[in-house]
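Here is a short tour of this protein, starting from the inside and working outward. Have the 3D view open as you read.

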Amino acid sequence: MSTQLEALPYRHVLTLPTEPSAVRMARETAEQALVEWGIGLRHPTVDPALLILAELVTNSVRHAALLSPQVTVIYAAGADCLAFAVHDRHPYQPPLYGSVTGAGTGGLATVMELTLALGGTAVVRADADGGGKSIWITLPL
């Protein structure tokens with residue numbers, strides 16, 4: 001699996017208002033990008049990846065909208081991996097890996113269970129000013 005996200009040949013960025021319709025738009029845009037990039041929607045990684053994406057955007061809509069009027073989704077792919085990030089301007093950085101030990105339920109626990117089951121990785125990256133963050137998911141294809 002590629003570890004240098006900057007080296008992935010395919011990339012798309014989408015910025016949306018932090019409102020419920022963002023979840024559908026982020027998912028539909030991911031499907032369109034994957035097809036354009038030659039990644040079939042029946043690939044076994046795609047359905048779980050779309051669920052992970054929807055959960056992360058939903059979390060931004062539910063928990064960050066007051067401080068973050070927009071959510072940005074970055075999609076990237078290469079021959080052997082799919083990566084995406086969901087960025088908002090809320091400073092809270094959730095403990096991703098703690099969510100699979102029983103401490104968390106719902107959205108992030110689902111995200112991490114699926115990510116780890118697929119052999120992927122997840123990381124939270126703070127903005128330089130500490131006022132926001134991105135959650136990056138990388139999954140092997």
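## The main nonpolar core

In this predicted model, the largest nonpolar core holds 35 residues, and the members that touch the most others are L53, L56, V57, Y75, F84 and I137. Nonpolar side chains tend to be buried together in soluble globular proteins. Eight elements are listed as giving two or more residues to this core: the helices α1, α2 and α3 (107–117), along with the strands β1, β2, β3, β4 (121–126) and β5 (133–140). The largest share comes from α2, with nine residues.

To see how this plays out for a single side chain, try picking L56. Setting aside neighbours within four places in sequence, L56 is in contact with F84, V86, L108, V111, I135 and I137.

## A second core

There is also a separate core, made up of seven residues. Among them are I74, A76, C81 and A83.

## Helix α1 and its two sides

Helix α1 covers residues 21–36, which makes 16 residues. From its first C-alpha to its last, α1 reaches 23 Å, close to the 22 Å expected at 1.5 Å a residue.

Which residues of α1 are buried? They are A22, V23, A26, T29, A30, A33 and L34. Looking down the axis of α1, you will find these buried residues within an arc of 135°, so they line one face of the helix. Their packing partners are β1 (10–17), α2 (46–63), β2 (70–77) and β3 (81–88). Turn to the other side of α1, and you meet Q32, V35 and E36, which are exposed. Just after the helix comes G38, with a positive phi of about 80°.

## The protein as a whole

Stepping back, the protein has three helices and five strands. Read from the N terminus on, the order of elements is β-α-α-β-β-α-β-β.

How much of the protein counts as buried? The figure is 49% of its 141 residues. Of the contacts with a separation of 6 or more, 67% join residues that are 24 or more positions apart. As for the outside, the protein exposes about 7,100 Å², and 56% of that area is supplied by carbon and sulfur atoms.

Terms used:
Residues are numbered from 1 along each chain as its sequence is written. This is a predicted model: local features need pLDDT of at least 70, side-chain atom pairs count only at pLDDT 80 or more; totals for chains, interfaces and linings use all residues. Side-chain values use heavy atoms; hydrogens and water are left out. Helices (H or I, at least four residues) and strands (E, at least two) are DSSP runs, numbered from the N terminus. The expected span of a helix is 1.5 Å times one less than its number of residues. Buried means under 20% relative accessible area, exposed over 50%, partly exposed in between (1.4 Å probe, protein chains only). The arc is that of the directions from the helix axis to the C-beta atoms. Contact means heavy atoms within 4.5 Å. A nonpolar core is a set of buried Ala, Val, Leu, Ile, Met, Phe, Trp, Tyr and Cys residues joined through side-chain atoms within 4.5 Å. Accessible areas come from the Shrake-Rupley method with a 1.4 Å probe; for residues, only the protein chains shown count as cover.
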